[in-house]
Amino acid sequence: MTAALQSDYPPESEWTTDDLDALPEDGRRRELLDGVLLMSPSPTRTHQSIAGRLMAALDEECPDGYDVTQAVEVRINRTRSFIPDVLITTAAAAAREPSKYEPHEVVVAVEIVSPNTRSIDRVLKPALYAQAGIPYYWRIETEGGELEVVTYRIDAVNEVYTETGRWTKFVDTGEPFPINLPISRITPRVR
């Protein structure tokens, strides 16, 4: 067990994925940003409803060669590790039944913006997912009660994402496979 786990203090240098692996499986969402441990609060019902509905909707349209899942870790390197809300991966990678994916196995990373993760989901994660070479990024905005899905494609030369659409009624894109998804399909029920 690492020194970070033997006391209430972080490691002397930086957190690594080895430190993450040594932590207990307690359901907490832990991510690494350049050796800094990030812990997010539990997601809201609305957040989880969107993630579950999106995963189910994408899975219905998902052709052979791809797989759809949610909240599985993507290990970018020893000091960077993120957990996208929804992922589309290669079917070959999913066949391993992984608890962690490598960036080259991820085709689309989706983040649902929450009030306490706005900057991370809008600025930080897309920049780092692009640097890692993940081909597509989707951001789901929830402010004001109406959903907006913003889709991006990587510019691999410059390692940045280029916006490909802002969708408020339907996500209608051919990338990475033909998707025609009514936004109402992923909008949580009002209780």
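How many nonpolar, polar and charged residues does the lining of the second largest pocket have? In this predicted model, that lining has seven nonpolar, seven polar and six charged residues. The pocket encloses about 290 Å³ of space. Its lining is made up of 20 residues, and S40, P41, S114, N116 and T117 are the ones that lie nearest its centre. Strand 2 (36-39), strand 8 and helix 4 (118-131) each give two or more residues to this lining. Helix 4 gives the most, with three residues.

The largest pocket has a volume of about 650 Å³. It is lined by 27 residues, and those nearest its centre are E25, R28, R29, R30 and I83. Two or more lining residues come from each of helix 1 (17-22), helix 2 and strand 4 (73-77). With three residues, helix 2 gives the most to the lining of the largest pocket. By class, ten of the lining residues are nonpolar, seven are polar and ten are charged.

The interior was examined next. In soluble globular proteins, nonpolar side chains tend to be buried together. In this model the largest nonpolar core has 25 residues, and L54, L58, W138, I140, V149 and V171 have the most contacts inside it. At least two residues of this core come from each of helix 2 (45-61), strand 6 (86-90), strand 8 (106-112), strand 9 (136-141), strand 13 (179-182) and helix 5 (183-186). Helix 2 supplies the largest share, five residues. A second core, separate from this one, has 20 residues, including L33, V72, A93 and I154.

V149 gives a closer view of the largest core, being among the residues with the most contacts inside it. When neighbours within four places in sequence are left aside, V149 is in contact with W138, R139 and I140. The other contacts of V149 are with G165, R166, W167, V171, I183 and I186.

Charged side chains also pair with one another, and the structure holds 17 salt bridges. One of them joins K125 and E31, whose closest N and O atoms are 2.8 Å apart. This pair links distant parts of the chain, since K125 belongs to helix 4 and E31 to strand 1 (residues 30-33), with their positions 94 residues apart in sequence. Both K125 and E31 are buried.

A salt bridge is also formed by E60 and R185, with the closest N and O atoms 2.6 Å apart. Here the two partners are 125 residues apart, E60 in helix 2 and R185 in helix 5, and the pair again links distant parts of the chain. E60 has a relative accessible area of 60% and is therefore exposed, as the cut-off for this class is over 50%. R185 counts as partly exposed because its relative accessibility is 29%, which falls between the limits of 20% and 50%.

The side chains of E148 and R166 meet in another salt bridge, at an N to O distance of 3.2 Å. E148 is in strand 10 (residues 148-155) and R166 is in strand 11 (residues 160-167), so the salt bridge ties together parts that are 18 residues apart in sequence. Both partners are partly exposed: E148 has a relative accessible area of 21%, and R166 has a relative accessibility of 45%. R166 is also one of the residues in contact with V149. Elsewhere, a network of salt bridges links R118, R122, R139, E141 and E143. Of these, R139 is likewise in contact with V149.

Backbone geometry was considered last. Most residues other than glycine have a negative phi, and most peptide bonds are trans. The peptide bond from E175 to P176 is cis, with omega near 0°. P176 lies in the loop between strand 12 (170-173) and strand 13. A71, although not a glycine, has a positive phi of about 55°. This residue is found in the loop between strand 3 (66-70) and strand 4, and A71 counts as partly exposed because its relative accessibility is 40%. E97 is not a glycine either and has a positive phi of about 55°. The loop that holds E97 runs between helix 3 (91-94) and strand 7 (100-101). E97 has a relative accessible area of 69%, so it is exposed.

Technical notes. Residues are numbered from 1 along each chain as its sequence is written. This is a predicted model: local features need pLDDT of at least 70, side-chain atom pairs count only at pLDDT 80 or more; totals for chains, interfaces and linings use all residues. Side-chain values use heavy atoms; hydrogens and water are left out. A nonpolar core is a set of buried Ala, Val, Leu, Ile, Met, Phe, Trp, Tyr and Cys residues joined through side-chain atoms within 4.5 Å. Buried means under 20% relative accessible area, exposed over 50%, partly exposed in between (1.4 Å probe, protein chains only). Helices (H or I, at least four residues) and strands (E, at least two) are DSSP runs, numbered from the N terminus. Contact means heavy atoms within 4.5 Å. On a 1 Å grid over the protein atoms alone, a cavity is a set of points where a 1.4 Å probe fits but cannot get out, and a pocket is an open set with protein on both sides within 12 Å along at least five of seven lines; lining residues have an atom within 4 Å of a point. Grid points are joined across faces, edges and corners, and a volume is the space filled by probe spheres set on the points. Ala, Val, Leu, Ile, Met, Phe, Trp, Tyr, Cys and Pro count as nonpolar, Asp, Glu, Lys and Arg as charged, and the others, Gly among them, as polar. A salt bridge is a side-chain nitrogen of Lys or Arg within 4 Å of a carboxyl oxygen of Asp or Glu.
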